[in-house]
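Reader: I should like to learn how to read a structure such as this one, feature by feature. Could we begin with the aromatic rings?

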Amino acid sequence: MLRKIDAPQTSDTPADDEGTPVSVKIRERLQAARKRFNANDNIAEFIQPGELEALLDEVETKMKGVLDSLVIDVEHDHNTDNTARRVAKMYLNEVFRGRYVPAPSLTEFPNAEHLNELMIVGPITVRSACSHHFCPIIGKLWIGVMPNEHTNVIGLSKYARLAEWIMGRPQIQEEAVVQLADLIQEKTQPDGLALVMEAEHFCMSWRGVKETGSKMINSVMRGVFLKDPNLRREFLSLLPRDR
């Protein structure tokens, strides 16, 4: 009698057995779909119900390994007794939540009054972490919108929700602002969009050169803000000078 021999599992074969780490299963789905999963990418559509809880357990286990390698006696040190679990929850449910959950739902309204005047939202507090050292990035964001009669109007709080979703990932400030601009442009379709972000990077103040008080400021201009220097100057002049 011939005995059937199972084919070896390859990177293209879904990992469905119970012994496979959930991170491997999610990664294989991403690779099969040829989707990028960089630090600042959202991967929510590839996470199945219940897997985020399993991923939390996996991160906790691996974080314990990090603490062991740092020669921290978590068995007897009451201060780090539950640190691995707290760090796992912090990364998955808080500071990097924007990677693992879908975009916040938005209620969009038609521009019934055909508003076409400059609107500025801010300052919006932004909290992120740099992709290089996982150190905090804390700052403020201003968003300028020049609507047209076809622009979708969203509530002011929704701009903050979208910013929180984009910034809730390991980020580089220059890329984060572009990602947010792309998202707002897609959701609202204005004639013009302008973003200015000012933030302190703890990878510069907490480590490295340890330069406190230094901040990074960058901007993204789209549509009429890019073409009309007078409108661009008006937007920038309305931002608080004591930012």
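Author: Certainly; please bear in mind that this is a predicted model. Burial is judged by relative accessible area, with under 20% taken as buried. F96 has a relative accessibility of 6%, so F96 counts as buried.

Reader: Which ring is stacked with that of F96?

Author: Two rings are called stacked when their planes are under 30 degrees apart. The centres of the Y91 and F96 rings are 5.0 Å apart and the planes lie at 5°, so this pair is stacked. Y91 itself is partly exposed, at 23% relative accessibility.

Reader: How are the rings of F96 and F134 arranged?

Author: Planes over 60 degrees apart count as edge-to-face. For F96 and F134 the angle between the planes is 70°, with the centres 5.0 Å apart, so the pair is edge-to-face. F96 belongs to the loop between helix 3 and strand 1 (108–110), whereas F134 belongs to the loop between strand 2 and strand 3, so the pair ties together parts 38 residues apart in sequence. F134 is partly exposed, with 40% relative accessibility. Ring pairs thus join Y91, F96 and F134 in a cluster. The count of aromatic pairs comes to four.

Reader: What do strand 2 and strand 3 form?

Author: They form a hairpin, with five residues between the two strands. F134, in the turn, has a positive phi of about 60°. The strands pair in the antiparallel sense over nine bridges, and I120 stands opposite G144 of strand 3.

Reader: In what order do the strands of the open sheet lie?

Author: A general idea helps with any sheet: in a regular strand the side chains alternate between its two faces. Here five strands form an open sheet in the order 5-2-3-6-7, with mixed pairing. Strand 5 (170–171) and strand 7 (215–223) stand at the edges, each with a single partner strand, so each has one side without a neighbour in the sheet. Strand 5 runs parallel to strand 2 (residues 119–130), and two bridges join them. In these bridges A129 is partnered by P170, and C130 by Q171.

Reader: Which helices pack on this sheet?

Author: Helix 5 (residues 173–188) lies across strand 3 (136–146), strand 5, strand 6 (192–201) and strand 7, and runs at about 30° to strand 7. Helix 8 (residues 229–238) also packs on the sheet, where it touches strand 2, strand 3, strand 6 and strand 7. The direction of helix 8 makes about 135° with that of strand 3.

Reader: Which residues of helix 5 are buried?

Author: An α-helix has 3.6 residues a turn, so residues three or four places apart point the same way. In helix 5 the buried residues include A176, V177, L180, L183 and I184. The buried residues of this helix pack against several elements, among them strand 4 (152–154) and helix 4 (156–167).

Reader: How far apart are the end C-alpha atoms of helix 5?

Author: At 1.5 Å a residue, its 16 residues should span 22 Å, and the end C-alpha atoms are 22 Å apart, which agrees. After helix 5 comes Q189, with a positive phi near 55°.

Reader: What is the reach of helix 2 from its first C-alpha to its last?

Author: Helix 2 (residues 51–69), with 19 residues, reaches 27 Å, close to the 27 Å expected at 1.5 Å a residue. Its buried residues include L55, L56, M63 and L67. Helix 1 (22–32) and helix 3 (83–95) are among the elements that cover the buried residues of helix 2.

Reader: Which residues in the largest nonpolar core touch the most other members?

Author: In soluble globular proteins, nonpolar side chains tend to be buried together. The largest core here has 30 residues, and L141, I143, Y159, L180, L195 and M197 touch the most other members. Strand 2, strand 3, helix 4, helix 5 and strand 6 each give two or more residues to this core. A second, separate core has 13 residues, including I26, F46, A88 and L92.

Reader: Is N40 buried or exposed?

Author: N40 has a relative accessible area of 6% and is therefore buried. This residue is found in the loop between helix 1 and helix 2. Beyond its neighbours up to four places away in sequence, N40 touches R169, P170, Q171, E175 and Q179.

Technical notes:
Residues numbered from 1 in each chain as written. Predicted model: local features only at pLDDT ≥ 70, side-chain atom pairs only at ≥ 80, totals over all residues. Heavy atoms only, no water. Pairing = 2+ DSSP bridges. Helix = DSSP H or I, 4+ residues; strand = E, 2+ residues; numbered from the N terminus. Contact = heavy atoms within 4.5 Å. Axes fitted to C-alpha atoms, helices over the stretch in contact; angles between N-to-C directions. Expected span 1.5 Å × (residues − 1). Buried < 20%, exposed > 50% of the residue type's maximum accessible area, 1.4 Å probe, protein only. Core = buried A, V, L, I, M, F, W, Y, C linked by side-chain atoms within 4.5 Å. Phe/Tyr/Trp six-rings, centres within 6.5 Å; stacked < 30°, edge-to-face > 60°.
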